[in-house]
Structures are given as structure tokens and as C-alpha cells.
Amino acid sequence: MTRRRMLTLGAASAALLLAGDRVTGAPASPRRPLARGRAVIPPANTSPSPTPRPTLKPRPPTPTPVPRRKEAVHKVHDILPDAPPNAIALTIDDGPHPEWTPKMLDVLAEHDVKATFSLIGIQVKEYPKLAQRIVAAGHQLCNHTMNHPLWIAEMSSHKVDKEITEAHERIADATGVAPRFFRSPGGAWSRAVFGSAARHGMVPIDWDIDPRDWARPGTAHIRRSMLAAKGGDILLCHDGGGDRSETIKALRKVLPKLQARGLSFVQL
């Protein structure tokens, strides 16, 4: 075979190969080999796993309104008419606080006392786990407004309702419990305050024994004031709003002494 003949046959063969590639759709250049161990067939479900949603406390039902009062309750038997004559109640205001609320809970647990915690909404927003711990320990909750405005009695009905509603929702969202009671900051009351509390199904409460522990008058003064309690009284202390070390020290002495006198702590 002549050289010219060989070149002609080679060119014809190359043309046939290229035509076959166009007919079958095969690529003109070879594919890169797959990496070892790489799956050729994709898995049946390639969608990413959904991100788990955080567990939220169940929202309590909308509270049933109660009759509006003209004054706040300050006696145990006005709330618990069947309580024994020697019954007293302890209320703790202005928390939750990251340092003092846990210490308060420890003291109460040590002496098997159930109290009512008046919670400030902005504090609950900051420390929701502490609010949950209060409920888990079996204590009662009380709405103490969102921001603790001492001038609440001078505020408009709209602003009063905003303070109370925001705190009510914040407490309920954090704990799953709607407060049954409302305490006005500084014991300041008005028609608007009583009305809003009633619309939210809360009983307004005051106190009989106020040791003014918020002012840090000294452990001895707090102790003497609280030891003046008698059957039916509602006692006031604080776990927020400042240094409550005097309050904690006083309660360690006061609680067992009141119990030794035959007084019985009841939960409102």
C-alpha cells in the first residue's frame, strides 16, 4: 500500500469516529475519573435536616376578669377565708435577681416555707430561668409591673395597662403560669391600677408587716419588724432592687422563730 493510500484511509477513519461521537452524544474528550469512594447515585433524600425548634412553655389561657376592688387586700383571710387563725403569708418583691433570688429560694426551702414572688417584667425578661425555678419550687407568682414605676398611680390608664399587660405576658411566656395577684410598686393605687389588675384576673395585694429591708436598715431592724407578725398578716421582703444580704441573714433567724411561736406560713 502506498503512503498516499495509508494517509487517505487514516483520515477517513478519524472522520467516522467524529461522526459517531456526534450521533451518540458521546463527548469528544474523555471524562475525568470519579474520585475513589464518591457516590455515583445521589441519596434518596438530600434535603438538610430541619433545625430543632426551642421548647417553649405552654401559654396559659386568657385570664378571666375579676371584680374590680376599691382597695388592696392585706390580710391572709381575705384571700383564704378557711386558713387557720395562725396563718401568715410571706411575699418577696422586685426579682428575680441572679444573686439574691437563688439564696432566697435556698432559705425558704431550708424552712419549708412557700412564698409569693412579686416579679418585675424586665427582670423576668433578663432572667427567665430564675422565674421558672421559682415556679418549679412551688411558689406563687404576682405581677409587679414591667418596669416598677413608683409613680404608677399618677399615670394614664393607657400607660398603666401597658405596664401591667407587658409584665403579665412576659411572666406567662417565661413560666407558663399567669399570675393570680398584682402588687403595685410602692403600694401606690389608683382607679386605673385596680381596673387593669381586675381585667387580667388578678387580686391586688398589699402587706401588714414592712421591715423596709429595701433601705438596708440593718439585719437587727429587719428581724425585729418581722417578729412583730401575728396571725393573718402578710409580710413583705425583697430579693431584688439592690444588696439583699441583710434580708437573707434576717430571714434565716426569723422564719424558724415565727414557726416556733406557732405561726404557720401559707401560700396565697
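Colleague: Which residue follows α3, and what is the sign of its phi?

Modeller: Most residues other than glycine have a negative phi, and most peptide bonds are trans. In this predicted model, α3 is followed by Asp112, whose phi is positive, near 55°.

Colleague: Which residue in the loop between β3 and α6 should be read in the same context?

Modeller: His148 is placed in that loop, between β3 (140-143) and α6. The phi of His148 is near 60°, a positive value in a residue other than glycine. Arg212 also has a positive phi, of about 55°, although Arg212 is not a glycine. Arg212 is found in the loop between β5 (203-204) and α8 (219-227), and with a relative accessible area of 43% Arg212 is partly exposed.

Colleague: Where is the peptide bond that is cis?

Modeller: The bond from Gly95 to Pro96 is cis, with omega near 0°. Pro96 has its place in the loop between β1 and α3.

Colleague: How should one read the packing of two helices, and at what angle do the axes of α3 and α9 cross?

Modeller: Two packed helices are described by the angle between their axes and the distance between the axes. For α3 and α9, the axes come within 10 Å and cross at roughly 5°. Angles under 35 degrees count as roughly parallel, so α3 is roughly parallel to α9. The residues of this contact divide into seven nonpolar, two polar and three charged. On the α3 side they are Trp100, Lys103, Met104, Val107, Leu108 and Glu110; Ser245, Thr247, Ile248, Leu251, Arg252 and Leu255 meet them from α9.

Colleague: Which residues of α3 are buried?

Modeller: In α3 (residues 100-110), the buried residues are Trp100, Thr101, Pro102, Met104, Leu105, Val107 and Leu108. The elements against which these buried residues pack are β1 (87-95), β2, α5 (128-136), β6 (234-238) and α9 (245-260).

Colleague: At what angle do α6 and α7 cross?

Modeller: The axes of α6 (residues 157-175) and α7 (residues 191-199) cross at roughly 40° and come within 9 Å. That angle makes α6 oblique to α7. The crossing in which α6 passes α7 is right-handed. Ser157, Val160, Asp161 and Ile164 in α6 meet Ala192, Val193, Ser196, Ala197 and Arg199 in α7. By character, the residues of this contact are five nonpolar, two polar and two charged.

Colleague: Is Ser118 buried or exposed?

Modeller: The relative accessibility of Ser118 is 1%, and therefore Ser118 counts as buried. Ser118 is found in strand β2 (residues 116-119). The side chain of Ser118 makes a polar contact with the side chain of Asp93, at 3.0 Å. Leaving aside neighbours within four places in sequence, Ser118 is in contact with Ile92, Asp93, Asp94, Gly95, Cys142, His144 and Arg183.

Colleague: Where does Gly187 lie, and which residues does Gly187 touch?

Modeller: Gly187 lies in the loop between β4 (181-182) and α7. At 24% relative accessibility, Gly187 counts as partly exposed. Not counting residues up to four places away in sequence, Gly187 touches Asp206 and Trp207. Gly187 and Ile152 are 35 residues apart in sequence, and their C-alpha atoms are 9.6 Å apart in space.

Colleague: How many helices and strands does the protein have, and what share of the residues is buried?

Modeller: The secondary structure comes to nine helices and seven strands. Of the 268 residues, 41% count as buried. Among contacts with a separation of 6 or more, 78% are accounted for by residues 24 or more positions apart.

Notes:
Residues numbered from 1 in each chain as written. Predicted model: local features only at pLDDT ≥ 70, side-chain atom pairs only at ≥ 80, totals over all residues. Heavy atoms only, no water. Axes fitted to C-alpha atoms, helices over the stretch in contact; angles between N-to-C directions. Helix = DSSP H or I, 4+ residues; strand = E, 2+ residues; numbered from the N terminus. Parallel < 35°, antiparallel > 145°, perpendicular 65-115°, else oblique. Left-handed = near helix turned anticlockwise from the far one by under 90°. Contact = heavy atoms within 4.5 Å. Nonpolar A, V, L, I, M, F, W, Y, C, P; charged D, E, K, R; others polar. Buried < 20%, exposed > 50% of the residue type's maximum accessible area, 1.4 Å probe, protein only. Polar contact = N/O pair within 3.5 Å; in protein donor to acceptor, adjacent residues only side chain to side chain.
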